[in-house]
Amino acid sequence: MRVDVGARGGHRHRAPALRPLPDRLRAGPAASVTASGSRPGRAHRFRSARRVPAALTALVVLGVAGLFLYDLAAERSGRPGMSWRSDLADRLATHTPADLPVQLIAGGLVLVGLLLLLLALAPGLRGILPMRTPDEWAGVRAGLSRKAAAQILRDRAMEVPGVRSVRVRMGRSRVGVRATSHFRELDDVRADLDAVLAVGIQELGLARPPQPRVRVRR
């Protein structure tokens, strides 16, 4: 199992594995309160650096601004301006905000702007779940990928007698588990799965342990 470990400054590197958590962190949320009084459930999600989208956006804005500045400087120096800017100015002068096409274009631009703001403010890296860290690991953040967490819980569920196959869907707040049983009573299998998954989720060491949702069928 691999985890993403990085400092709070945003730099992360690959580490082979985390050392076992102390017993006080395995006892549950009530026993994992840090010395400062903050609970591990308040751990922040990992944020994506988004360097490539930011660089592309800056290049586009810089190119458009440079084109307009070059055209204005050429026109002020006595040279003829670009024809496309004159056509654009004429069209903007003949159309008013009351026109339907102008309103539709403006509405579309507003939606695109809101979507870009939402994507910029969202943390990103949805595939990494924040983990609890001991007090002595101050300044260190750990994360576990959803696929690794789902695989661990699936292996635990396959150890339950009567379970033939299991599908695990890992989310930030819920874990969807669908199991197929080929013998034993379904209620007994479901009860064993609930117990095994509760222990497995606790041992994952997540800052916000998700709630399991188990479905068992014949």
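Where is the place of proline 161? I looked, and proline 161 has its place in the loop between α5 and β5. I'm keeping in mind throughout that this is a predicted model.

**Entry 1: proline 161**

I checked its surface next. Proline 161 comes out as partly exposed, at a relative accessible area of 49%. The cut-off for exposed is over 50%, so 49% still goes down as partly exposed. Then I listed its contacts, skipping residues up to four places away in sequence: proline 161 touches Phe183, Arg184 and Val189. I also pulled one C-alpha distance: proline 161 and aspartate 192 are separated by 8.6 Å, with their positions 31 residues apart along the chain counted as the spacing.

**Entry 2: the whole chain**

I stepped back for an overview. I count six helices and seven strands in the chain. Reading from the N terminus, I noted the order β-β-α-α-α-α-β-β-α-β-β-α-β. The chain has 218 residues, and 26% of them count as buried. I also looked at contacts between residues at least 6 apart in sequence, and 59% of these join residues at least 24 apart.

**Entry 3: the sheet**

Which order do the three strands of the open sheet take? I read it as β5-β6-β7, with mixed pairing. β5 (163–170) and β7 (211–217) are at the edges with a single partner strand each, so each has one side without a neighbour in the sheet. Neighbouring strands here are turned by 15° against each other on average, direction ignored.

I took the two pairings one by one. β5 and β6 pair in the antiparallel sense over seven bridges. They form a hairpin, with three residues between them. For a landmark in this pair I picked arginine 167, whose bridge partner in β6 is arginine 178.

The other pairing is between β6 (residues 174–181) and β7, and it is parallel, over seven bridges. My landmark there is threonine 180, which stands opposite arginine 217 in β7. A reminder to myself: strands of a sheet pair through backbone hydrogen bonds, in either sense.

**Entry 4: helices on the sheet**

Then I asked myself which strands α5 and α6 touch. Helix α5 (residues 146–158) packs on the sheet and touches β5 and β6, its direction making about 155° with that of β5. Helix α6 (residues 186–203) also packs on the sheet, touching β5, β6 and β7, and its direction makes about 155° with that of β7.

I looked at how the two helices meet. The axes of α5 and α6 come within 9 Å and cross at roughly 145°. I noted the crossing as right-handed. From α5, Leu153, Arg156 and Ala157 take part. On the α6 side they meet Leu193, Val196, Leu197, Val199, Gly200, Ile201 and Glu203. I sorted the residues of this contact by type: seven nonpolar, one polar and two charged.

**Entry 5: the core**

Which residues have the most contacts inside the largest nonpolar core? I found Leu153, Met170 and Leu193, in a core of 25 residues. The elements giving two or more residues to this core are β4 (140–145), α5, β5, β6, α6 and β7. The largest share, five residues, comes from α5. Leu153 and Leu193 I had already written down in the contact of α5 with α6.

I followed methionine 170 further, leaving aside neighbours within four places in sequence. It is in contact with Leu129, Arg146, Ala149, Ala150, Leu153, Val175, Leu204, Leu206 and Pro210.

**Entry 6: two charged residues**

Arg146 on that list made me look closer. Arginine 146 lies in helix α5. Is arginine 146 buried or exposed? At 19% relative accessibility arginine 146 counts as buried, because the cut-off is under 20%. Beyond four places in sequence, I see arginine 146 touching Arg126, Gly127, Leu129, Met170, Gly171 and Arg172.

Last, I checked aspartate 71, which is found in helix α2 (residues 51–76). At 2% relative accessibility, aspartate 71 counts as buried. With residues up to four places away in sequence left out, aspartate 71 touches Gly81, Met82 and Arg85.

Notes. Residues are numbered from 1 along each chain as its sequence is written. This is a predicted model: local features need pLDDT of at least 70, side-chain atom pairs count only at pLDDT 80 or more; totals for chains, interfaces and linings use all residues. Side-chain values use heavy atoms; hydrogens and water are left out. Two strands pair if DSSP finds at least two bridges between them. Helices (H or I, at least four residues) and strands (E, at least two) are DSSP runs, numbered from the N terminus. Axes are lines fitted to C-alpha atoms, for helices over the stretch in contact, and angles run from 0 to 180 degrees between N-to-C directions. Contact means heavy atoms within 4.5 Å. A crossing is left-handed if the near helix is turned anticlockwise from the far one by less than a right angle, and right-handed if clockwise. Ala, Val, Leu, Ile, Met, Phe, Trp, Tyr, Cys and Pro count as nonpolar, Asp, Glu, Lys and Arg as charged, and the others, Gly among them, as polar. A nonpolar core is a set of buried Ala, Val, Leu, Ile, Met, Phe, Trp, Tyr and Cys residues joined through side-chain atoms within 4.5 Å. Buried means under 20% relative accessible area, exposed over 50%, partly exposed in between (1.4 Å probe, protein chains only).
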